[in-house]
Amino acid sequence: MADFAALVRRLVTGTARAWWVLLPQLMILQLLQWLVTELSFRFASLVIDISGWLALGVFGLSILIVLAMVVLQMRLVSNHVGGRRLIPADLRLVQARVHDDEFGRFLGLTILPFLCIYGAFGEIDRRMQRLSQESVAIQDVLAGVTLTQQFSIDPLWPKGAFLLLVLLVLFAVRRSLEFANESTTFRGFGYLAAFAECMFMLLIIMILRELYSTTEMSFRGTRMAAWVEAVGEWIVSHMAPVASLIDMVASGMTIIWPLVSVVLLLPALWFALAGLVHGSKVISLADLWQAGVSPKMAVRALVRRQAPVDAGGSRTVRHVVLTVQELLFGDLDDKYIPAAQAVRLAFRGGALFLAALSVLHTLLHLLGEEILPWLMVRLLGGHVYDFWFRFAPMFVDLPVELLIEPVRITLLSVAFAECLRRVRDVSENVRNQEATA
Amino acid sequence: MRMTWPNIVVGVVWVTLMAVLTQVTMQMTQPGEDVIEVEMGGSGRIEDAEIKVTQIQLTSAIEDEMGAQNPCGESCAFLVATVEVTDHGRTNLPLTTSLEYAGLEAQPTSSVIGQQAGYAITSTVPIAVDPSRLEGARFSVWPLEDLEVYPRRVTFDLGIDRVELQRLAAEAPPSIEVPVSPTRRPL
């Protein structure tokens, strides 16, 4: 218990100090984030009737800029609290060589957990809903077109096939841009690749949502649905205790799952994002440290892993195979595995660390998402929806975001630096034990 | 750093506490309504509209402009509220009404009352009630909207106690005319 209190105290004081020192920069970035979000809503709602693709582009760009502001804030805090200094110099050289320390690449790396957070916790839905409301309000047409309507996927030819084709093209464009970024000095390719990644992911989220609802609707009324229902009825009539147990578990899950996701999953995903802004190599390093590999060996392993592969055999054939493999599955190594490793790091940082992160993050989440908006709304008094639509972004969202978001982002960066320090200590202990032996 | 049992227990306890706190906070911060309590004779505002209940009456039947009678039936009466909405601004909101009495919520035959920017509009709102249980009845007016964040509701305490109820019953006319359109007076 004393360890837990000490850990919480360390995170709180570290966060408070960093937040206070970096307050002006953090506030400016947060303000920019809010401004970009609001402007993009206005602009996207103006163009949504003209072209759904253009609106989706604006929507995707705004999400990317929001992420850029978050990443910038995290980098700022990380530099201040010494998270960067924990990365060994050898690894920093490797990162520079493979462009793992570029801003565009951080965006590409972090877009996956960021959109996971946005998708899983309803932020994308909220933004889409707001976009359609803006569209109705600005253009004053009740039959305003929404993004969901524009992209509702028809599993049948030709719309579904067209969207799949768009996905394939986006994938190819993104991978080409990533290659171009790695092989040239023009950094713009990195940003364009991140934008293509964002559009790719957004489109996938929208297609999955649409497919889910279409499948669910078409499943109802089918013979299969009737069979499932008949099995359910048979269980209720013949195995009452089993039926009540299933009912109890199902109703328990509907209460418990949202809580678990807010208290554990949300901090873990944000923590992963805070880790990924240091580059994928740092996550791998932390993973090796955590596994008890000594600091020097861990860096060596990562440097070696980065060395060009020469497996012999026919060079041309081998080169082609490797290039195709990199083109198709490079994403796994570059983005998805680091994201999964980063989430795992939060869960493997120790029970006390995870609990401390959960407690502090949940408190800030509740303040920012529930308590302060509730208080601000009460302070402004009861009004019609039109009032909230016009003024809530300025008088509710902005003050709450300015107050809470920088603190939350600071906490996440401080927590990542603390976790990195703790896994490095594990690794140092291994080295000391080896030296003693 | 290692997952030891005491650490796991402490961690689980704290995470569970946070889950409980999250649940309680989410329950406590439900949007709700901004209820403005007004005594009979007073007025309450929703945006630019000033709302006032100018009169309440009891009757056993209401009649339309053509004179057709609509009786309430046995042990039933119409509580007829006269509501004046003065709109000093530019908002054009459909307002709706209801009556709470004896733990019930009764809706008028036509719950939407007139409101128009730049006018004082008087509407007659008949609500079928059990006249013996009207003590402490409250009449509410609020905007009729599809989407809400934190709406305002003006609730009038109609001041009906036993004496007032007897007075209303004694002075009840056999029928009251309820015009289809409310009366309008430009401001």
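Which residues does the domain assignment of chain A give to domain 1 and to domain 2? Domain 1 takes 24–87 + 100–222, and domain 2 takes 263–298 + 320–436. Keep in mind as you read on that this is a predicted model.

## How confident is the prediction?

Let's start with the complex as a whole, for which the predictor gives an ipTM of 0.83 and a pTM of 0.81. Chain B has a mean pLDDT of 85, with 97% of its residues scoring at least 70. For chain A the mean is 79, and 83% of the residues reach 70 or more.

Confidence also varies along each chain. In chain A, the low point is helix H6 (residues 147–150), with a mean of 58, while helix H14 (residues 351–380) has the highest value, 93. In chain B, strand E9 (residues 112–113) is lowest at a mean of 75, and strand E12 (residues 152–157) is highest at 93.

## The two domains of chain A

Back to the domains that opened this report. Domain 1 of chain A runs over 24–87 + 100–222, and domain 2 of chain A over 263–298 + 320–436. Where they meet, domain 1 contributes 41 residues to the contact and domain 2 contributes 43 residues. Between them, domain 1 and domain 2 of chain A bury about 4,100 Å², and carbon and sulfur atoms account for 70% of that area. On the domain 1 side, the residues that lose the most area to domain 2 are A:Trp34, A:Met74 and A:Leu86, which together make up 18% of what that side buries.

What about polar and charged links here? Between domain 1 and domain 2 of chain A the count of salt bridges is zero, and the rule finds three residue pairs in polar contact, both partners at pLDDT 80 or more. The elements of chain A that give two or more residues to the domain 1 side are helices H1 (2–47), H2 (52–81), H4 (103–120), H5 (123–139), H7 (159–183) and H8 (188–219). Sorted by class, the domain 1 side that touches domain 2 has 23 nonpolar, seven polar and eleven charged residues.

## A closer look at A:Val81

For a single residue to follow on screen, try A:Val81, which lies in helix H2 of chain A. Leaving aside residues up to four places away in sequence, A:Val81 touches A:Ala18, A:Ser413, A:Val414, A:Ala417 and A:Arg421. You can also pair A:Val81 with A:Leu273, which is 192 residues apart from it along the chain; their C-alpha atoms are separated by 17 Å.

## Where chain B meets chain A

Now for the partner chain. The contact brings together 31 residues of chain B and 37 residues of chain A. Chain B and chain A bury about 2,900 Å² between them, with 74% coming from carbon and sulfur atoms. The rule finds zero salt bridges across this interface, and eight residue pairs in polar contact, both at pLDDT 80 or more.

On the side of chain B that touches chain A, helix H1 (residues 5–28) of chain B gives the most, with 14 residues. By class, that side of chain B holds 18 nonpolar, eight polar and five charged residues.

## Salt bridges in the whole structure

Over all chains, a search of the whole structure finds twelve salt bridges. One worth displaying joins the side chains of A:Arg174 and A:Glu197, at 2.8 Å from N to O. This pair links distant parts of the chain, 23 residues apart: A:Arg174 sits in helix H7 of chain A and A:Glu197 in helix H8 of chain A. Side chains of opposite charge can pair when their charged atoms come close.

Notes:
Residues numbered from 1 in each chain as written. Chains lettered and ligands numbered in written order. Heavy atoms only, no water. Contact = heavy atoms within 4.5 Å. Buried area = accessible area lost by both parts, 1.4 Å probe. Salt bridge = Lys/Arg side-chain N within 4 Å of Asp/Glu carboxyl O. Polar contact = N/O pair within 3.5 Å; in protein donor to acceptor, adjacent residues only side chain to side chain. Helix = DSSP H or I, 4+ residues; strand = E, 2+ residues; numbered from the N terminus. Nonpolar A, V, L, I, M, F, W, Y, C, P; charged D, E, K, R; others polar. Domains from an automatic or database assignment. pLDDT = per-residue confidence, 0-100.
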